[in-house]
Amino acid sequence: MTDHPLVGIIMGSASDWDTMRHAADALAALGVPHETKVVSAHRTPQRLYDYAAQAEHRGLKVIIAGAGGAAHLPGMAAAMTHLPVLGVPVESKAMKGMDSLLSIVQMPGGVPVGTLAIGKPGAKNAGLLAAAILATSDALLAERLKKWRAAQTDSVVTDPE
């Protein structure tokens, strides 16, 4: 979904898509226009700079940034834009995503990054949180989000068997 995207989903490498697709799926389910890009803080620093510096001008309202390992992408994006940045720690082989989580959550005061859970749950919640942020100024999206949450509630069984 790329027509007039409101949310940018960026990730440090194409292999992060297995995790970050869950943010895109949540946004798609709610009808939120978004875009996805591979933007590495370490391997493509100019791409990161250009993306973050131009994001607001291009009409983005929220950036979701997923990264593993050293996980500098969310913090660097936040340092270069005034838009809300939601960080998703991608699970790494070495430390199961704890390294990514600690790297993202330990931003210095003054450069906020909303940090979510490691992996798929964090990516899904990042999509939902981005939608909730947008819903504060979009009544139709707010209604879709309420219906989505009601359907989630209704899907929970009462009895375990």
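Strand β3, spanning residues 62-67, is mostly covered in this predicted model: six of its six residues come out as buried. In a regular strand, side chains alternate between the two faces of the sheet. For β3, then, it is worth looking at each side in turn. Val-62, Ile-64 and Gly-66 sit on one side, and Ile-63, Ala-65 and Ala-67 on the other. Every one of these residues is buried, so both faces of the strand are covered (buried here meaning under 20% relative accessible area).

β3 also has strand partners. Strand β1 (residues 7-11) runs parallel to β3, and five bridges join the two. One of the contacts here pairs Met-11 with Gly-66 of β3. Strand β4 (residues 85-89) pairs with β3 as well, again in the parallel sense and over five bridges. Gly-66 turns up here too, with Val-88 as its bridge partner in β4. To get from β3 to β4, the chain passes through helix α3 (residues 73-79), and this β-α-β crossover is right-handed.

Then there is the pocket. The largest one holds about 310 Å³ of space, and 19 residues line it. Lying nearest its centre are Ser-13, Asp-16, Ala-67, Gly-68 and Gly-69. Ala-67 is thus a link back to β3, being one of the buried residues on that strand and also part of the pocket lining. As for chemistry, the lining is a mix: nine of its residues are polar, six nonpolar and four charged.

How values were computed: Residues are numbered from 1 along each chain as its sequence is written. This is a predicted model: local features need pLDDT of at least 70, side-chain atom pairs count only at pLDDT 80 or more; totals for chains, interfaces and linings use all residues. Side-chain values use heavy atoms; hydrogens and water are left out. On a 1 Å grid over the protein atoms alone, a cavity is a set of points where a 1.4 Å probe fits but cannot get out, and a pocket is an open set with protein on both sides within 12 Å along at least five of seven lines; lining residues have an atom within 4 Å of a point. Grid points are joined across faces, edges and corners, and a volume is the space filled by probe spheres set on the points. Ala, Val, Leu, Ile, Met, Phe, Trp, Tyr, Cys and Pro count as nonpolar, Asp, Glu, Lys and Arg as charged, and the others, Gly among them, as polar. Buried means under 20% relative accessible area, exposed over 50%, partly exposed in between (1.4 Å probe, protein chains only). Helices (H or I, at least four residues) and strands (E, at least two) are DSSP runs, numbered from the N terminus. Two strands pair if DSSP finds at least two bridges between them. A crossover is right-handed if, with the strands pointing away from the viewer, the path from the first strand over the helix to the second runs clockwise.
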